[in-house]
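This report describes the fold of one protein chain, from single residues up to the whole. Please keep the sequence and the structure in view while reading.

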Amino acid sequence: MPAPLMTIASTPEPPATADVVVIGGGIVGVCTAWFLRQAGLSVALIEKGRIGAEQSSRNWGWCRQQNRDARLLGMATASLTLWEQIMADTGEDLGFRRCGLVYVSDDEAELEGWAKWCDFGRAAGVETQMLGADAASDRGGVTGKRWRGGVWAPTDGIADTASAAPRIARAVMAAGGSVHQFCAARGIETEAGRIASVVTESGTIRTQAVVVAGGAWTSSFCRQLGISFPQATIRASALSLMPGAPDVPDAFHSKEATLTRRADGALTLAVSQLARVDPTPQSLRYAWRFLPMFLARRDVLSAGDLRAMFSGQETLRHWAMDKPTPMERHRILDPRPDADTVARILDQARRFVPQLTTLPVQAAWSGFIDSTPDGLPVIDAAPGPEGLVLASGFSGQGFGTGPGAGRLAADLVMGRTSTIPSAGLELARLHRGRAKVAGM
Ligand SMILES: Cc1cc2nc3c(=O)[nH]c(=O)nc-3n(C[C@H](O)[C@H](O)[C@H](O)COP(=O)(O)OP(=O)(O)OC[C@H]3O[C@@H](n4cnc5c(N)ncnc54)[C@H](O)[C@@H]3O)c2cc1C
């Protein structure tokens, strides 16, 4: 069974015109559309498959400041408040809760790294607390073992991966925007160097502003516009267990496994950063830029298979706007979960929390994480036609930060000064020498 996902209906027909077209109905695209609509602009949100069906329903649901790279911390902090605000303004239950995050470890070097971040985080105003052996063993009591230490991040939380993006999209429609599923945006037409329209498989929408929030597809979409967007997709697997084990903290992390309580009471299981690198034409092209990141994570990244060569994202091909594109042949990227990885996650999670042994597996899935060479997103007015904004390359951190990213992308479209910090998220940084790989 793939990752659970709530489905919603679409607006019947794409409009002839819109102030802004948002391409991509993941969490970033729906939040962008929501903020644009809130500001009174007419918005068409275009999704080639189902809202939320790619990364945004396949992740763990963590919304955290803890251990964030300094360049993304401001957005992460703002996003926590925005999750609450969107829930209040839409009346939709997105499953967001500041349940707190529990980290435990026996590894002295890991604990030192966490302590360093806690000092930095507290100086930046984040509530975070190192746990000594007694406190970590107490918070991690469900493991039945004594831990050397840990971290408690009381104001961080989780949201519902199965319904957050669809519910926000539904709110966009209720507020007067339009949402179009099974509708690929094939390309952008320009007039005098400015965006004039978006060509979709269901017709052309006249517009002067476009946000590309296409996740794993952004790099190949940008290529059609002559924009180089260095991106490689990393295939991460996860699974869920049937509801049970109520004593497990709602968001619980160790090197062995990361456990997250889902909205239905089930648990998502994963091992942090454990993933496969599947070559694609685009990632081979940019391989040298990714070497530092791959080398830094060589203990958790391993070579995958060649299937992604043919799954359409990250193609080097140019496509015609009057014919079906790879996006229509691959409506939803649904890579097969890696059997060895799933078995390893299950085994490690059950050794981490022995009471999980009796819970049957509910679902298993994989997702392609859209990664940049430095592990940070690009949210920027692009160097292509005037009116284009990119919001992509979230490198495994875009669900929790989705609301802040959407707010920033919407502000960029409207030419407003944003309250969300954007320094270090420009596309140009990825073309200037070697970018600094994001730390924790
Ligand atoms: C296993 C796993 C665990 C993760 N855990 C976390 C976590 O705990 N916390 C966290 O913050 N992040 C996590 N992430 C990362 C997070 O899921 C992503 O960063 C985030 O969902 C990205 O959202 P997005 O909207 O940019 O992309 P996506 O959700 O991938 O959405 C992009 C959408 O654009 C559509 N699209 C693309 N091109 C076109 C086009 N031309 N026309 C129409 N539609 C198009 C696609 O169909 C897709 O639906 C995890 C990811 C994975 C895979």
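In which loop does Gln273 lie? In this predicted model, Gln273 lies in the loop between strand S16 (267-270) and strand S17 (275-277).

**Residues with positive phi**

Most residues other than glycine have a negative phi. Against that background, Gln273 deserves attention, with a positive phi near 65°. Its surroundings can be described by counting neighbours: Gln273 has 14 C-beta neighbours inside 10 Å and therefore counts as partly exposed, since that class lies between the limit of 12 or fewer for exposed and the limit of 20 or more for buried.

Ala192 is another residue other than glycine with a positive phi, here near 50°. Ala192 is found in the loop between strand S9 (185-191) and S10. It has 7 C-beta neighbours inside 10 Å, so it counts as exposed. A glycine can be added to the list: Gly176, just after H6, takes a positive phi of about 105°.

| Residue | Phi | Place |
|---|---|---|
| Gln273 | near 65° | loop between S16 and S17 |
| Ala192 | near 50° | loop between S9 and S10 |
| Gly176 | about 105° | just after H6 |

**The chain as a whole**

The protein chain contains twelve helices and 21 strands. Its C-alpha trace spans about 65 × 45 × 40 Å along the principal axes. How does the radius of gyration of the protein chain agree with that of a compact globule? For 440 residues, a compact globule would have a radius near 22 Å, and the chain has 21 Å, which agrees.

Buried residues make up 55% of the 440 residues. Contacts can also be sorted by separation along the sequence. Among contacts between residues at least 6 apart, 76% join residues at least 24 apart.

**The open sheet and its helices**

Six strands form an open sheet in the order S8-S2-S1-S12-S21-S20, with mixed pairing. Strand S8 (178-180) and strand S20 (378-381) stand at the edges; each has a single partner strand, so one side of each is left without a neighbour in the sheet. From one strand to the next, the twist averages 15°.

Within this sheet, strand S1 (residues 20-23) and strand S2 (residues 43-46) run parallel and are joined by four bridges. Val22 stands opposite Leu45 in S2. Helix H6 (residues 164-174) packs on the sheet and touches S2 and S8, its direction making about 135° with that of S8. Helix H12 (residues 402-414) also packs on the sheet, where it touches S1, strand S12 (210-212), S20 and strand S21 (388-392). The direction of H12 makes about 170° with that of S21.

How many of the eleven residues of H6 are buried? Eight of them are, and the helix is accordingly described as mostly covered. The buried residues include Ala164, Ile168 and Val172. Arg167 is also among them. The buried residues of H6 pack against H1, S2, H2, helix H3 (70-90) and S8.

**A hairpin**

Strand S10 (residues 194-200) pairs with strand S11 (residues 203-206) in the antiparallel sense, over four bridges. Two residues make up the hairpin connection from S10 to S11. One bridge partnership links Val199 with Thr204 in S11.

**The surroundings of Phe294**

Phe294 has its place in helix H9 (residues 287-296). With 16 other C-beta atoms within 10 Å, Phe294 is partly exposed. When residues up to four places away in sequence are not counted, Phe294 touches Val277 and Leu301. Phe294 and Pro373 are 79 residues apart along the chain, and their C-alpha atoms are separated by 9.0 Å.

**The shell around the ligand**

Which residues come nearest to the ligand? Of the 41 residues around it, these are Gly24, Gly26, Gly215, Gly367 and Gly398. Several elements each supply at least two residues of the shell: helix H1 (27-38), helix H2 (55-58), strand S13 (232-241) and strand S19 (361-371). By residue type, the shell divides into 19 nonpolar, 18 polar and four charged residues.

Terms used. Residues are numbered from 1 along each chain as its sequence is written. This is a predicted model: local features need pLDDT of at least 70, side-chain atom pairs count only at pLDDT 80 or more; totals for chains, interfaces and linings use all residues. Two strands pair if DSSP finds at least two bridges between them. The radius of gyration is taken over C-alpha atoms; the globule rule is 2.2 Å times the number of residues to the power 0.38. Two residues are in contact if their C-beta atoms, placed from the backbone, lie within 7 Å. A residue is near a molecule or strand if its C-beta atom, placed from the backbone, lies within 6 Å of it. Ala, Val, Leu, Ile, Met, Phe, Trp, Tyr, Cys and Pro count as nonpolar, Asp, Glu, Lys and Arg as charged, and the others, Gly among them, as polar. Axes are lines fitted to C-alpha atoms, for helices over the stretch in contact, and angles run from 0 to 180 degrees between N-to-C directions.
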